[in-house]
Amino acid sequence: MPHRDPGLRPGHPRDLPLSIHGGTWPTSHVQGVTVDHEHGWVYWSFTQMLVKTDLEGNVLGTVEGLTGHLGDIDLNPRDGRVYGSLEYKAEEAFYIAIFDGAAVDRVGLDAETDGVMTAVHLDEVVEDFTADMDGDGVFDGDTADTADHRYGCSGIDGVSFGPSFGRTGGPLRLMVAYGVYSNTERTDNDHQVILEYDVRTWHRYERPLTQSEPHRSGPHRTAGKYFVHTGNTRYGVQNLEYDPYTGDWMLAVYNGVKPGFPNYSFFIVDGSARPQRGEIAGQPEREHGRLLSLVDDGRHDPATGIRGWDFHGTYGFAALGNGYYYAAEGGPVPGGQEGEVHLYRWTGATPTPFERVTH
Ligand SMILES: [Ca+2]
Ligand SMILES: [Ca+2]
Ligand SMILES: [Ca+2]
């Protein structure tokens, strides 16, 4: 549960600027941001490029040449590397890309040939993405307008390291959230889906990626698969972040449009609640799985029981500790797309549980 003691004021993170500009790049929009406090580095996912800056926004290096979709990213504090979701939908290939951040020391490094990126393939995502749900013998591919894709899976986006659900300690796990197509015509796409992996064994799977010949080296099984009943959203969890301050998991989404749901933009999963086995509602055949609980706070929709908040963390959301966060904004400018983060502080208020820190 979030800390809501109004007398509990976290210390101001003096070394963290109120805003950081991540530059302007000839890419799609900023997708994720993560901070390496120890070195004073900030990493930015710009869809086709990884950018590394210092805390003042000076560019220290870039990794370029990605032809797929790099989404949310997170720093693994255990090895100091940056892990991000990387999709190639036409090739039906889905990876966690792993960047050796310390080696990103100049602009223009190549993702394939400069030895700074490996990739681990996730079979589980392929199985759900390619599922022929209507059994007509045809997989309809990368479209929302179909009954195919189990749970409505469009791939992966939100990623975060944190403890296993229901635990406050133990080994860090990598949680990977599905993208979920927006489709109001089906009932089996009303959950967020989160996969759990133990990356301590991933050295055996890591390979450089040749994008014209995508490899399939990766774990066949997950360490866990979890479902969160939020209602259908547009492309699922954009940013997933474990917050060590509240001990909860934060999910930033593009609002859904399905009637009958509150279609909130931000959800918080109770990190202290053990996953409960239960029915994954709305599936074509009755199915059970491990369900996560939303915290009993924020906005509340009596009809569905769904709780959530209003916030805009879809382009990047990083928990900095002590109840402070960076949330990204960005958009088109001459020369491409710019991205920027601003500092926020936890308040726990409804409908928006953060306030911008302005001085
Ligand atoms: Ca089909
Ligand atoms: Ca995204
Ligand atoms: Ca994240």
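**Figure 1. Strands β16 and β17 side by side in a predicted model.** This close-up comes from a predicted model. Strand β16 (residues 248-254) runs antiparallel to β17, and four bridges hold the pairing together on paper. If you want one pair to look for, take Ala252, whose bridge partner in β17 is Phe266. Both strands belong to an open, antiparallel sheet of three, in the order β15-β16-β17. The edges are taken by β15 (234-243) and β17 (266-269), each of which pairs on one side only. Direction ignored, neighbouring strands of this sheet are turned by 25° against each other on average.

**Figure 2. Strand β13 and its two antiparallel partners, β12 and β14.** How much of strand β13 (residues 191-197) is covered? Mostly covered is the verdict, with six of its seven residues buried. Strand β12 (residues 173-180) pairs with β13 in the antiparallel sense over four bridges. Look for Met175, which stands opposite Glu196 of β13. Strand β14 (residues 224-229) also runs antiparallel to β13, and here six bridges join the two. In this pairing Gln192 has Val228 of β14 as its bridge partner. As a reminder for reading views like this one, strands of a sheet pair through backbone hydrogen bonds, either parallel or antiparallel.

**Figure 3. Val176 and the largest nonpolar core.** Which residues have the most contacts inside the largest nonpolar core? They are Tyr95, Val176 and Leu251, in a core of 93 residues. Strand β8 (residues 93-99) gives the most to this core, with seven residues. Zoom in on Val176 and set aside its neighbours within four places in sequence: what remains in contact is Ser85, Ile96, Leu122, Ile156, Val159, Ile194, Leu195 and Tyr197. Nonpolar side chains do tend to be buried together in soluble globular proteins.

**Figure 4. A mixed sheet of five strands, with Val51 and Thr62 picked out.** The strand order in this open sheet is β2-β3-β4-β5-β9, and the pairing is mixed. At the edges stand β2 (32-36) and β9 (109-110); each has a single partner strand, so one side of each has no neighbour in the sheet. Further in, strand β4 (residues 50-54) and strand β5 (residues 59-64) make an antiparallel pair over four bridges. Val51 is a handy landmark here, with Thr62 of β5 as its bridge partner.

**Figure 5. Thr47 and Asn322, two loop residues with positive phi.** Neither residue is a glycine, yet Thr47 has a positive phi of about 70°, and Asn322 has one of about 55°. Where does Thr47 sit? Its place is the loop between β3 (41-45) and β4. Asn322 is found in the loop between β22 (317-321) and β23 (324-333). Thr47 has 18 other C-beta atoms within 10 Å, so it counts as partly exposed. For Asn322 the count inside 10 Å is 15 C-beta neighbours, and that also puts it in the partly exposed class.

**Figure 6. The cis peptide bond at Pro351.** Which two residues does the cis peptide bond join? The pair is Thr350 and Pro351, and omega is about 10°. Pro351 lies in the loop between β24 (336-346) and β25 (354-356).

**Figure 7. His300 in strand β20.** This short strand view covers residues 299-300, with His300 in β20. Is His300 buried, or is it partly exposed? With 14 other C-beta atoms within 10 Å, it comes out as partly exposed, because a residue needs 20 or more to be buried. For a sense of distance, compare His300 with Val237: they are 63 residues apart in sequence and 19 Å apart in space, C-alpha to C-alpha.

**Figure 8. Stepping back to the whole chain.** The secondary structure of the protein chain comes to one helix and 25 strands. Its radius of gyration is 19 Å, close to the 21 Å from the globule rule for 359 residues, so the chain is as compact as a globular protein of that length. Along the principal axes, the C-alpha atoms fill a box of roughly 55 × 50 × 45 Å. Of the 359 residues, 47% count as buried. Among contacts between residues at least 6 apart in sequence, 61% join residues at least 24 apart.

Methods:
Residues numbered from 1 in each chain as written. Chains lettered and ligands numbered in written order. Predicted model: local features only at pLDDT ≥ 70, side-chain atom pairs only at ≥ 80, totals over all residues. Buried ≥ 20, exposed ≤ 12 C-beta atoms within 10 Å, placed from the backbone. Rg over C-alpha atoms; globule rule 2.2 N^0.38 Å. Contact = placed C-beta atoms within 7 Å. Pairing = 2+ DSSP bridges. Core = buried A, V, L, I, M, F, W, Y, C linked by C-beta atoms within 7 Å. Axes fitted to C-alpha atoms, helices over the stretch in contact; angles between N-to-C directions.
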